[in-house]
Amino acid sequence: MSLVEVGRFGRNEAYIVIGRFESEGIMAIALDGNASIADGSQYLIPVRVMVDDEDFEVAREILGADAG
C-alpha cells in the first residue's frame, strides 16, 4: 500500500472529493488541510487528496466523470 496524489483542490472542494470517493468505497485522505491555519491563509493553500495506489485509476475516472 502506497499513497498517491489524485489532485489538489481548494479546502472545501477537497473534502467533497473525499466524500465522493468514500461513497464509492475508496479510502481517501486530505493532506495540508490545516496548513497555515495560524495566519489565516489555510484557504489559499491547495489540499492534496491522496488515495491508495491500487485505487488511483478508479479515482481518476470518478473525477473525470464528475467533471464532464
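## A bridge to start with

Arg 48 and Asp 32 form a salt bridge, and their closest N and O atoms are 2.7 Å apart. Arg 48 sits in strand E3, while Asp 32 is in the loop between strand E2 (28–31) and E3, so the pair ties together parts that are 16 residues apart in sequence. Keep in mind as you look around that this is a predicted model.

How exposed are the two partners? Arg 48 is partly exposed, at a relative accessible area of 23%. Asp 32 is partly exposed as well, with 32%.

## The other salt bridges

How many salt bridges does the structure hold? There are three. Another one joins the side chains of Arg 8 and Glu 5, at 2.9 Å from N to O. Here Arg 8 counts as exposed because its relative accessibility is 53%, and the cut-off for exposed is over 50%. Its partner Glu 5 is partly exposed, with a relative accessible area of 30%.

Then there's the pair Glu 24 and Arg 20, whose side chains meet at 2.7 Å, N to O. Glu 24 is partly exposed at 47% relative accessibility, and Arg 20 is partly exposed with a relative accessible area of 29%.

## The whole chain

Let's step back. The chain has two helices and three strands. Read from the N terminus, the order of these elements is β-α-β-β-α. The chain has 68 residues, and buried ones make up 31% of them.

On the outside, the chain exposes about 4,400 Å², with carbon and sulfur atoms supplying 52% of that area. As for contacts, take those between residues at least 6 apart in sequence: 64% of them join residues at least 24 apart.

## Helix H1 and its two sides

Now for helix H1. With 13 residues, H1 reaches 19 Å from its first C-alpha to its last, close to the 18 Å expected at 1.5 Å a residue. Which residues of H1 are buried? They are Arg 11, Ala 14, Val 17, Ile 18 and Phe 21. These five cover an arc of only 115 degrees around the axis, which puts them on the same side of H1. The spacing makes sense once you know a bit about helices: an α-helix has 3.6 residues a turn, so residues three or four places apart point the same way.

Turn to the other side of H1 and you find Asn 12, Ile 16 and Ser 23, which are exposed. After the helix comes Gly 25, and its phi is positive, near 85 degrees.

Ala 14 is a good residue to pick out in helix H1. Its relative accessibility is 0%, so Ala 14 counts as buried. Leaving out residues up to four places away in sequence, Ala 14 touches Phe 9, Val 47 and Val 49. Ala 14 and Met 50 are 36 residues apart in sequence, and their C-alpha atoms are 10.0 Å apart in space.

## The nonpolar core

What's tucked away inside? The largest nonpolar core has 14 residues, and Phe 21, Val 49 and Val 51 touch the most other members. Four elements each give two or more residues to this core: strand E1 (3–9), helix H1 (11–23), strand E3 (47–52) and helix H2 (56–67). Which element gives the most? That's H1, with four residues.

Val 51 is worth a click. Beyond residues up to four places away in sequence, Val 51 touches Ser 2, Leu 3, Val 4, Val 6, Phe 21, Ile 26, Met 27, Ala 28, Phe 56 and Ala 59.

## Leu 3, seen from its own side

One of the residues touched by Val 51 is Leu 3, whose place is in strand E1. Is Leu 3 buried or partly exposed? At 41% relative accessibility, Leu 3 counts as partly exposed.

Setting aside neighbours within four places in sequence, Leu 3 is in contact with Ile 29, Met 50, Val 51 and Asp 52. Along the chain, Leu 3 and Asp 53 are 50 residues apart, yet their C-alpha atoms are separated by 5.6 Å.

Methods. Residues are numbered from 1 along each chain as its sequence is written. This is a predicted model: local features need pLDDT of at least 70, side-chain atom pairs count only at pLDDT 80 or more; totals for chains, interfaces and linings use all residues. Side-chain values use heavy atoms; hydrogens and water are left out. A nonpolar core is a set of buried Ala, Val, Leu, Ile, Met, Phe, Trp, Tyr and Cys residues joined through side-chain atoms within 4.5 Å. Buried means under 20% relative accessible area, exposed over 50%, partly exposed in between (1.4 Å probe, protein chains only). Contact means heavy atoms within 4.5 Å. The expected span of a helix is 1.5 Å times one less than its number of residues. The arc is that of the directions from the helix axis to the C-beta atoms. A salt bridge is a side-chain nitrogen of Lys or Arg within 4 Å of a carboxyl oxygen of Asp or Glu. Accessible areas come from the Shrake-Rupley method with a 1.4 Å probe; for residues, only the protein chains shown count as cover.
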